[in-house]
Amino acid sequence: ELGIALGQVATEEKSNEITAIPRVLNHIDLTNSIVTIDAIGCQKAIVEQIDDSDGIYVIAVKDNQPKLHDAVRDVIREQLNEAKEDLQYRVHETSDEGHGRVDERTYGIMKLPREFPLRKEWPSLRAVGFATRITTHPDGTQTADTRCYILNKHLGGRQFADAVRGHWAIESMHWVLDVNFREDQHQTAERTLVNNLSWLRRFAITLLKRGKSEKESVRGRMQMASWSTDYLEQVLLGS
């Protein structure tokens with residue numbers, strides 16, 4: 001909710017996030033906490049690590065796990081068709097307007113059926129969910145996309161929706177780092193310096209976001225801090 005980065009682990013050379021995620025999780029008390037990860041974290045070892053640590057996972061599933069993705073989509077289709085007569089899933093809907101477009105989102109979560117074909121391969125799996133977004137653009141055209149999720153607990157519809165939306169708030173921080181701080185264009189190669197600069201950028205975002213000004217964007221606040229030492233002092237002191 002505060003948009004604060006509490007920790008990070010650099011991936012090893014010739015590796016990726018799959019090996020780094022378990023190392024991050026080892027440093028966190030996951031008890032009764034909801035852990036959200038992109039589809040790259042949809043790995044058997046990772047979900048079992050979260051479950052064994054008494055955490056709750058809400059993890060996207062895509063074609064990097066094709067058998068699981070197809071099985072989850074089949075469950076969702078079947079449940080939605082049957083739920084027309086008696087509601088068998090929890091749902092939460094939202095509508096947001098901004099930048100000339102309207103985003104209508106539907107979140108649904110349902111218990112895993114006993115006959116789920118991959119139950120032995122994913123033993124901690126207890127529920128599946130979906131998030132559908134329909135966007136109406138300023139010219140009247142519409143686009144839609146649906147994402148699927150796996151969970152080890154049957155959450156409420158609102159709680160599931162908050163977890164999914166909260167994860168995209170994290171993704172927006174990466175967008176800020178790329179667009180405002182141009183992180184992806186940085187040419188520094190020395191790993192220690194890269195890690196230190198990464199921490200400084202995230203720390204700067206935290207300071208900028210906690211300011212009292214609600215109208216300006218992060219970029220606007222960066223500009224104001226460069227123009228006014230008084231405003232810069234407010235940002236640094238959180239006043």
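**Exercise 1. Describe how helix α6 packs against helix α7 in this predicted model.**

*Solution.* Step 1: locate the elements. Helix α6 covers residues 218-227 and helix α7 covers residues 229-237. Helices here are DSSP runs of H or I with at least four residues, strands are runs of E with at least two, and both are numbered from the N terminus.

Step 2: state the geometry. The two axes approach within 5 Å and cross at roughly 125 degrees. Axes are lines fitted to C-alpha atoms, for helices over the stretch in contact, and angles run from 0 to 180 degrees between N-to-C directions.

Step 3: classify the angle. The crossing makes α6 oblique to α7. Under 35 degrees counts as roughly parallel, over 145 as roughly antiparallel, 65 to 115 as roughly perpendicular, and the rest as oblique.

Step 4: list the residues. On α6, the contact is made by R221, M224, A225 and W227, and on α7 by T229, Y231 and L232. Contact means heavy atoms within 4.5 Å.

Step 5: sort them by class. The contact of α6 with α7 has five nonpolar residues, one polar and one charged. Ala, Val, Leu, Ile, Met, Phe, Trp, Tyr, Cys and Pro count as nonpolar, Asp, Glu, Lys and Arg as charged, and the others, Gly among them, as polar.

A note on conventions: residues are numbered from 1 along each chain as its sequence is written. The model is predicted, with local features requiring pLDDT of at least 70 and side-chain atom pairs pLDDT 80 or more, while totals for chains, interfaces and linings use all residues; side-chain values use heavy atoms, leaving out hydrogens and water.

**Exercise 2. Carry out the description for helix α1 and helix α2.**

*Solution.* Step 1: α1 spans residues 17-25 and α2 spans residues 44-52; their axes come within 10 Å and cross at roughly 10 degrees.

Step 2: this angle makes α1 roughly parallel to α2.

Step 3: from α1, the residues I18, I21, P22 and L25 meet I46, Q49 and I50 of α2. By class, the contact of α1 with α2 comprises six nonpolar residues, one polar and no charged ones.

**Exercise 3. Determine the strand order of the open sheet and identify its edges.**

*Solution.* Step 1: the sheet has six strands in the order β1-β2-β6-β5-β4-β3, and its pairing is mixed. Two strands pair if DSSP finds at least two bridges between them.

Step 2: the edges are β1 (34-37) and β3 (90-98); each has a single partner strand, so one side of each is left without a neighbour in the sheet.

Step 3: on average, neighbouring strands of this sheet are turned by 20 degrees against each other, direction ignored.

Step 4: examine individual pairs. Strand β4 (residues 101-111) and strand β5 (residues 127-136) are antiparallel over ten bridges. K111 has A127 of β5 as its bridge partner, and I109 has G129 of β5. β5 and β6 also run antiparallel, joined by ten bridges; there, T135 has T143 of β6 as its bridge partner.

Step 5: inspect the connection. β5 and β6 form a hairpin with five residues between them, and G140 in the turn has a positive phi of about 95 degrees.

**Exercise 4. Establish which residues of α2 are buried and what they pack against.**

*Solution.* Step 1: I46, V47, E48, Q49 and I50 are the buried residues of α2. Buried means under 20% relative accessible area, exposed over 50%, and partly exposed in between (1.4 Å probe, protein chains only).

Step 2: these buried residues pack against α1, β1, β2 and β6.

**Exercise 5. Compile the surroundings of two loop residues, Q43 and S124.**

*Solution.* Step 1: Q43 lies in the loop between β1 and α2 and counts as buried at 19% relative accessibility. Neighbours within four places in sequence aside, Q43 contacts I18, N64, Q65 and W122. The C-alpha atoms of Q43 and W122 are 9.4 Å apart, with their positions 79 residues apart along the chain.

Step 2: S124 belongs to the loop between β4 and β5 and is buried, with a relative accessible area of 4%. With neighbours within four places again set aside, S124 contacts V47, E48, D51, Y57, L151 and N152.

**Exercise 6. Describe N32 and D54 by phi, place and exposure.**

*Solution.* Step 1: most residues other than glycine have a negative phi.

Step 2: N32, which is not a glycine, has a positive phi of about 60 degrees. N32 sits in the loop between α1 and β1 and is exposed, with a relative accessible area of 64%.

Step 3: D54, also not a glycine, has a positive phi of about 65 degrees. D54 is in the loop between α2 and β2 and counts as partly exposed at 49% relative accessibility.
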